[in-house]
Structure formats: C-alpha cells, structure tokens
Amino acid sequence: MDIINIRRSVRKYQDKAIEKEKIELILRAAMQAPSARNQQAWRFLVCTQKNKNFELSEATPNMKFLKNAPLVIVFLTSLCDLTVPNMYCQDLSASVENAMLEAASLKIGSCWCGTYPNKERMENVRNIFSLDDNLEPFAVVGFGYPLEDDTFKFIDRYDENKIINVGEE
C-alpha cells in the first residue's frame with residue numbers, strides 16, 4: 001500500500017532518458033491489469049521522440065508539460081479486439097493506474113492526461129501518431145524522473161465525510 005500513498009502527478013521532469021528495462025517494467029505492469037472477460041483490448045504506443053512529444057504538447061492545452069517528458073505512453077483501445085465493448089474504459093483505467101504505480105515504485109514520475117471521450121483530444125493524438133481507425137486513443141501519460149526531490153511523500157487524503165456506510169444498524 002505504500003506505493004499507492006506516495007504516487008503523485010508529476011509534470012516537471014529531469015532531462016534524463018528512462019532506461020529500456022524500466023519502460024518494459026511499466027508496460028508489464030500495465031498489462032497485468034484486470035480486464036472484463038480478459039479481453040485485454042489495450043495497445044500501448046511508446047514515444048521517446050522529443051519532437052513528437054513537443055507536437056503533442058502544442059496540440060492539446062492539457063498536455064503542455066509533455067514537451068519535457070522523456071517518455072510518453074499513449075494507452076489505446078483496439079476496437080476489433082473488444083469482446084465486452086462497454087467495459088473497456090474500466091480496463092484501460094486499471095492499466096493506466098498500474099503503469100503509474102510501477103513508475104512510482106521505480107522513482108519515475110507520471111501524469112495522466114485525459115483524452116477519451118474528448119473527440120478533439122482523441123483526434124489530435126490520432127493525427128500526430130498516424131493511428132489507424134481500429135486504434136482509439138484513451139489516455140496519454142507522461143513519464144520522467146522528477147525535477148523536485150520531495151515528489152514521493154505521503155499526503156493523507158482520507159476523508160471520512162466521503163463514506164456512505166450502509167453496514168450495521
């Protein structure tokens with residue numbers, strides 16, 4: 001549970017590449033996520049090209065910080081592989097969270113950029129990476145070693161007022 005408690009959205013990165021072995025660990029974690037009926041309709045576009053990450057940052061307002069991200073992973077849905085179409089959002093969300101938790105365990109920062117269901121953002125991603133119609137952009141996540149040293153610290157967000165208890169009478 002410790003890793004869940006210290007994961008934060010990180011938007012400022014060192015100018016340092018992420019090692020291939022660590023990228024693979026992040027992708028392995030993403031693929032370990034649960035999916036409805038084990039459909040695993042996810043695909044992962046891995047981009048370490050600074051010019052593409054810069055282009056992405058310029059195309060969409062909520063992605064400005066990606067211009068300095070040494071790694072961007074675009075989480076995609078393979079539409080032809082959907083066996084339970086109405087559940088893929090949950091599948092991809094679990095995959096994104098797994099990837100971000102693994103990154104935090106490696107002391108790599110990350111930030112999830114909402115993409116789906118915003119048609120304009122999805123189209124921007126599709127065009128920048130020349131995606132075929134079968135691949136639908138779901139989320140864009142920037143990864144990098146944090147610029148600030150105190151990134152991974154515990155902040156208690158527990159709020160008892162947000163709990164609706166229907167247990168014992």
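1. Leaving aside its neighbours within four places in sequence, with which residues is Phe 44 in contact? The partners are Leu 27, Ala 30, Met 31, Ile 73, Val 74, Phe 75 and Ser 95, where contact means heavy atoms within 4.5 Å.

2. This is a predicted model, in which local features need pLDDT of at least 70 and side-chain atom pairs count only at pLDDT 80 or more, while totals for chains, interfaces and linings use all residues. Residues are numbered from 1 along each chain as its sequence is written, and side-chain values use heavy atoms, with hydrogens and water left out.

3. The largest nonpolar core (buried Ala, Val, Leu, Ile, Met, Phe, Trp, Tyr and Cys residues joined through side-chain atoms within 4.5 Å; buried means under 20% relative accessible area, with a 1.4 Å probe and protein chains only) has 26 residues, and Phe 44 is among those with the most contacts inside it. At least two residues of this core come from each of α2 (20-31), β1 (42-47), β2 (71-78), α4 (88-105) and β4 (135-144), and α4 gives the most, with 6 residues. Helices (H or I, at least four residues) and strands (E, at least two) are DSSP runs, numbered from the N terminus.

4. A second, separate core of 20 residues includes Ala 69, Val 74, Cys 111 and Val 140.

5. Arg 43 lies in strand β1 and has a relative accessible area of 34%, which makes Arg 43 partly exposed, a class between buried and exposed (over 50%). Its side chain makes a polar contact with the side chain of Asp 81 at 2.3 Å; such a contact is a pair of N or O atoms within 3.5 Å, where, within protein, one must be able to donate a hydrogen and the other to accept it, and residues adjacent in sequence count only if both atoms are side-chain atoms.
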